[in-house]
Amino acid sequence: MLIFERTVSLMKTSLNIRIEKRLAASKTNNIIIRVLFTILSFPFIGIWFAIYGVNPLDAYIKIFIGGFGSSYGLSETIVKMLPIGLCAVGLAIAYKARVLNIGAEGQLIMGSITTTWVALYSNVPPGLAVSVMLLAGFIAGAAWAIIPALLKTKLGVNEVIVTLMMNYISLSILNYVVTGPWRGEAQWGFPQTDLFPSYARLPTLAGTRIHYHTLAILLASTILLYILIYKTTIGYEIKLVGNNPDAARYAGISLSKTILLVMVLSGGLAGIAGVGEVAGIQGRLIRGISPGYGYTAIIPAWLGGLDPLATLAASFFISGLMVGGDNIQVSLRLPSGLVYLFNGTILLFVISGEFLTRYKVVLQVGERRIWI
Amino acid sequence: MDIAASLLAEAIKAGTPLLFATLGEVYCERSGVINLGLEGIMTIGALTGFATTFITGSIWMGFLAAMLAGGVFSLIHAFASISLGVNQTVSGLATVMLGTGISSLLGKRYVGLSLRDRLMPMTIPFLSEIPVLGGFFRHDPLAYAGIVIAIVMWYVLFKTRIGIIIRAVGEKPEAVDAAGVNVYLVRYICVFLGGVLGGLGGAYVSLYYTPGWREGIMMGRGWIALALTIFSLWNPIGSVLGAFLFGGVEVLQFHLQEYGVPASLLGALPYVVTIIVLTTSSFGFMRRKLGVPAALGKPYRRES
């Protein structure tokens, strides 16, 4: 009887859903929302697995074991974290200034092309090879990023489309060099260059493919960028340019200089990622030097809320998913575009979750208010 | 058939998928929403069109399904950018990735298959024999439809009440809202329409222009259409010019190959031209004069 009465009274009370603005954003709240929405994206991806005819639960178990479940898996996850992380922390800084660089892929490719020139066609002294390659990779990536930056600052050209077009252009240049002038003599006609001499290879940690120069640069740049953003005046200016360009202009901050700075940093780091791939992993320039690392890197940057440290952590997580994804791609015969399904879904869920960092959904049942 | 006329005919054929996508994006941006997801929406359209035609055997069913799929898929971006008010650039990117990913997964079984049903060019007698301009008159029905749709869309946008409402929503949403128009609904409809036309453009590629399904089939056409939207100065008639110009660049790419320019480098041509075109149409004074929608990319929320 009692239960019945309660039901009746519940039906009489009004149920009311409203959206209210959050007065203050809390950092823990933001992290919880991001993690929660990342987890929520997995069942959605699972639907597509099921439509394709693969058991989603089975697929996920294989992905997580593949990426995080063994010391080999973990070392491969770190191998992928190097290019993804280098691109991602750079992108995070650019996005902080609301410069939407989508061109990390092209900047990475230009880094790897320039490195190949240093390794095979310049007479660099063997002892200096590695340092020169790293420097050349940074400069090439930065130079490729300066073009859209200048077009944006001088003429107000949309950087999203220009950086994207430049990805396609760099891919054409890559195709041209590996099928034309740089095609290796000893490669039986494959579209790739000859192997780099051993002095132009990045050394790796014993028993793994982790090239430690790049790892050191990744860790150092993450920390330095964190300090830059949160502890220096330049960082304050970058954030102000991103949040409120008008206020920044009134405060006497040069928008152009800030935009150029963040593009040089993010392009340069993507270029270094290119050095790592060509001189650390492949040892030669190949057509498929990057399976879309520059695009994938956009996800950890947003997942990490554009904070360099959190972006690095998110890069590790996403890289693990990629390694596990490669595994099931082989064992379950899934197409290579699978990675974009993950990327797109996670990104969509994370940015949708950002809604909840700004607004709260209030559920009002009679006198009671419940909100998230 | 003279060479100039056949070049023109090829340029129109190559430009038609760009035209559909650009027309849709013009309406979308006129209502204040940037849909960067075009590349993904077109890919979804290309796969849906191909798969439907393969299964039903009817190419028109394929086009219809592609339009529907493009429209429905674009609602993801609509929900994120209109209802949730998230950053439209990022939401668009996510839409591209999602569209590419879903179609590569579901399209795997269609790679390398071919279709029996084909679109037939309708060559208009006499007119198609005119030197040079004859190139306008030897096309498939959809290429003609593209031009007609562009004219209708131009008329609706600039000469009717509906058009005034769409443009006002993209300029001053608060004012339109105060006048009792549902800003959200108008934007949803425009994004949906953009998706429908994007899906149609995608299917035109997979069913007619380069028949077949494979990953990466769009080759950046969605991004080029975004640049063309700016180039056209958000005008459907300008879109026709832009799309056929780019069709011409694509055709030029094949013909320059015959003169010994490496194909790999020529592949970059449309993208280089896109940057140049975007740069020339982005000069500040031109934009102010010729009308970028004032509320473009800005989420609208009624603050109560």
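**Exercise 1. How many residues of chain B are in contact with how many residues of chain A?**

Work through the interface from the chain B side, keeping in mind that this is a predicted model.

*Step 1.* Start with the contact count, taking C-beta atoms within 7 Å as the cut-off. You get 40 residues on chain B and 39 on chain A.

*Step 2.* Now sort the chain B side by element. Those that give two or more residues to the side touching chain A are α3 (59–83), α4 (88–106), α9 (221–231), α11 (263–266) and α12 (269–280) of chain B.

*Step 3.* Pick out the top contributor: α4(B) gives the most to this side, with 13 residues.

*Step 4.* Finish with the chemistry. The side of chain B that touches chain A has 24 nonpolar and 14 polar residues, plus two charged ones.

**Exercise 2. Into which domains is chain A divided, and which element supplies the largest share of the side of domain 1 that touches domain 2?**

*Step 1.* Set the bounds: domain 1 of chain A covers 82–320, and domain 2 of chain A covers 327–359.

*Step 2.* Place them relative to each other. Their C-alpha centres lie 22 Å apart.

*Step 3.* Count contacts again, and you'll find six residues of domain 1 of chain A against six of domain 2 of chain A.

*Step 4.* Look for helices on the domain 1 side: α12 (293–296) and α13 (298–303) of chain A each supply at least two residues there. The largest share, three residues, belongs to α13(A).

*Step 5.* Classify that domain 1 side, and it splits into four nonpolar and two polar residues, with no charged ones.

Notes: Residues numbered from 1 in each chain as written. Chains lettered and ligands numbered in written order. Predicted model: local features only at pLDDT ≥ 70, side-chain atom pairs only at ≥ 80, totals over all residues. Contact = placed C-beta atoms within 7 Å. Helix = DSSP H or I, 4+ residues; strand = E, 2+ residues; numbered from the N terminus. Nonpolar A, V, L, I, M, F, W, Y, C, P; charged D, E, K, R; others polar. Domains from an automatic or database assignment.
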